[in-house]
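The following exercises invite the reader to work through a protein model step by step. Each task is followed by a worked solution.

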Amino acid sequence: MIQNRRKFIKKGSLLAMGTGAAFLFPMELLASIRRNISPNDKIGVGLIGCNGMGFSDLTSMLKMSEIEVVALCDVDDSVLKKRTADLEKAGIKKPKLYKDYRKLLEDKDVDVVIIGTPDHWHCLQLSDAVKAGKDVYCEKPLANSIEECNLMLSSVQASNRMVQIGQWQRSQPHFVDAIDFVHSGKLGEIRLAKAWAYQGWMGSIPVLPDTAAPAGVDYDMWLGPAPKRPFNTNRFHFNFRWYWDYAGGLMTDWGVHLMDYALYGMKANTPKSVMALGGKFAYPNDASETPDTLQTVYEYDGFSILWEHATGIDNGNYGRNHGISFIGNNGTLVLDRNGWEVIAEKDKMQSITLQQNQGNGLDKHTVNFIEAVKSRDASQLKAPLKVGYDAALVCHMGNIAFKTGNRIYWDNYSGQFSDDASNALINAHYHNGWELPKG
């Protein structure tokens with residue numbers, strides 16, 4: 001047992017957390033804040049998927065001196081080479097390198113696994129990691145289908161593993177303070193919550209021809225359970241988000257962060273019905289598949305939640321390119337990653353000026369995860385799997401409503417929609433010899 005081999009002591013030396021985003025954190029500075037600690041107290045970490053947020057998560061964890069990088073796994077040799085060089089800048093010795101995540105999970109020196117792969121891989125890798133006895137920090141969104149979400153929930157609930165989902169805003173103090181205010185009742189009866197992501201940085205995805213996979217890339221492994229297709233750079237690093245085979249567009253990418261807090265504030269989970277309208281309105285002829293413009297309405301008893309997203313423009317609600325608002329009879333609370341404020345209705349309450357962001361939410365989130373790993377107390381986790389499950393479920397419902405073009409109705413008792421067309425989109429379809437994990 002891992003606990004017998006490692007002393008997961010509660011009194012770990014958790015170093016001061018930086019205020020900048022982890023993916024901008026200088027590796028040379030990381031070298032200066034790490035110090036020696038007894039090998040018996042080290043927590044061995046393996047990273048699966050090293051190109052984007054996965055490496056940001058690892059960098060964040062490395063600000064804790066107990067953390068030791070044991071292994072990196074990626075299907076792209078160039079990524080492994082780059083990340084190894086990045087770690088060397090921090091004075092960290094070269095870890096073991098893998099291209100097949102199953103080999104990493106067999107490594108007895110790995111206690112904790114970070115999953116930073118595309119969405120279509122999360123279900124298999126998390127389920128296999130838990131079965132291998134590893135604790136897991138898994139990037140959001142939880143999965144690429146409702147069926148996978150259900151299987152992952154069952155797998156984790158049947159285990160004693162610590163699993164944190166990368167919805168790091170759950171550890172951000174100003175987000176927590178804002179929801180405490182929402183729950184105080186001072187806004188009066190809340191009739192509508194909005195969540196939105198207007199992403200001006202994202203332009204058109206140009207149409208590119210299929211090519212051979214780059215040298216050093218195990219493209220078959222990258223595809224995994226996704227349908228077999230020729231290699232196209234548009235579908236590879238980062239831009240996989242805009243293709244249904246691998247992800248769900250902005251609805252699941254940003255949606256799980258922001259809808260999570262809309263649900264949290266309204267003490268809600270699954271809706272009664274969902275409607276969605278949108279399409280490729282800004283860039284109708286580009287290479288992406290997911291909608292660049294979308295409005296989704298979720299019906300609950302006594303209130304609604306509205307999701308909006310748009311690419312190529314930044315002018316969202318209340319002058320913010322992303323956020324959540326709670327619209328009550330007495331006033332509206334508006335919340336984003338920069339802070340929160342209250343806009344009062346005339347003569348009904350006092351407005352509250354911007355309450356600003358307090359520090360690096362990702363760093364606080366990874367610290368929270370490692371503290372739970374050491375204490376073996378899952379109740380400490382700020383974003384346990386159920387939090388990721390609830391957010392992913394409603395976001396996939398939004399995409400299903402968009403794909404069907406109908407108002408769709410959800411039955412909590414059966415865990416299904418009321419129509420066959422929507423239910424057909426619940427299931428995952430695995431290819432290339434890969435099979436769904438058993439529930």
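**Exercise 1. The hairpin of strands 11 and 12**

Task: Determine how many residues lie between strand 11 and strand 12 in the hairpin that they form, and describe how strand 11 is paired and enclosed.

Solution. Step 1: Strand 11 (322–328) and strand 12 (331–336) form a hairpin with two residues between them. Helices (H or I, at least four residues) and strands (E, at least two) are DSSP runs, numbered from the N terminus. The model is a predicted one, in which local features need pLDDT of at least 70 and side-chain atom pairs count only at pLDDT 80 or more, while totals for chains, interfaces and linings use all residues. Residues are numbered from 1 along each chain as its sequence is written, and side-chain values use heavy atoms, with hydrogens and water left out.

Step 2: The pairing of strand 11 with strand 12 is antiparallel and comprises four bridges; two strands pair if DSSP finds at least two bridges between them. Within this pairing, Ile327 has Thr332 of strand 12 as its bridge partner.

Step 3: Strand 11 also pairs with strand 7, again in the antiparallel sense, over seven bridges. Here Ala197 is matched with His322 of strand 11.

Step 4: In a regular strand the side chains alternate between the two faces of the sheet. In strand 11, His322, Ile324, Phe326 and Gly328 point one way, whereas Gly323, Ser325 and Ile327 point the other way. Seven of the seven residues of strand 11 are buried, so the strand is largely enclosed by the rest of the structure. Buried means under 20% relative accessible area, exposed over 50%, and partly exposed in between (1.4 Å probe, protein chains only).

**Exercise 2. The sheet and the helix across it**

Task: State the order of the strands in the open sheet, and explain why one side of strand 14 and of strand 16 is left without a neighbour.

Solution. Step 1: The open sheet contains 10 strands in the order 14-13-12-11-7-10-9-8-15-16, with mixed pairing. Strand 14 (352–356) and strand 16 (416–417) are at the edges and have a single partner strand each, so one side of each has no neighbour in the sheet.

Step 2: Strand 8 (residues 273–279) and strand 15 (residues 408–411) run antiparallel and are joined by two bridges. Ser273 has Tyr409 in strand 15 as its bridge partner.

Step 3: Helix 8 (residues 173–183) lies across strands 7, 11, 12, 13 and 14, and runs at about 165 degrees to strand 12. Axes are lines fitted to C-alpha atoms, for helices over the stretch in contact, and angles run from 0 to 180 degrees between N-to-C directions; contact means heavy atoms within 4.5 Å.

**Exercise 3. Unusual backbone geometry**

Task: Identify which residues are joined by a cis peptide bond, and locate Tyr318 and Asn432.

Solution. Step 1: Most residues other than glycine have a negative phi, and most peptide bonds are trans. A cis peptide bond, with omega about -10 degrees, joins Lys140 and Pro141. Pro141 is in the loop between strand 5 (135–138) and helix 7 (146–157).

Step 2: Tyr318 has a positive phi, near 55 degrees. Tyr318 belongs to the loop between strand 10 (303–311) and strand 11, and is partly exposed at 34% relative accessible area.

Step 3: Asn432 likewise has a positive phi, near 60 degrees. Asn432 is in the segment after helix 14 (420–423) and is partly exposed, with 39% relative accessibility.

**Exercise 4. The segment after helix 14**

Task: Which residues does Leu436 touch, not counting residues up to four places away in sequence?

Solution. Step 1: Leu436 lies in the segment after helix 14. Under that condition on sequence, Leu436 touches Glu147, Glu148, Leu151, Ala428 and Tyr430.

Step 2: Between Leu436 and Ala226 there are 12 Å in space, C-alpha to C-alpha, although they are 210 residues apart in sequence.

Step 3: Ala424 also lies in the segment after helix 14 and is partly exposed, with a relative accessible area of 45%.
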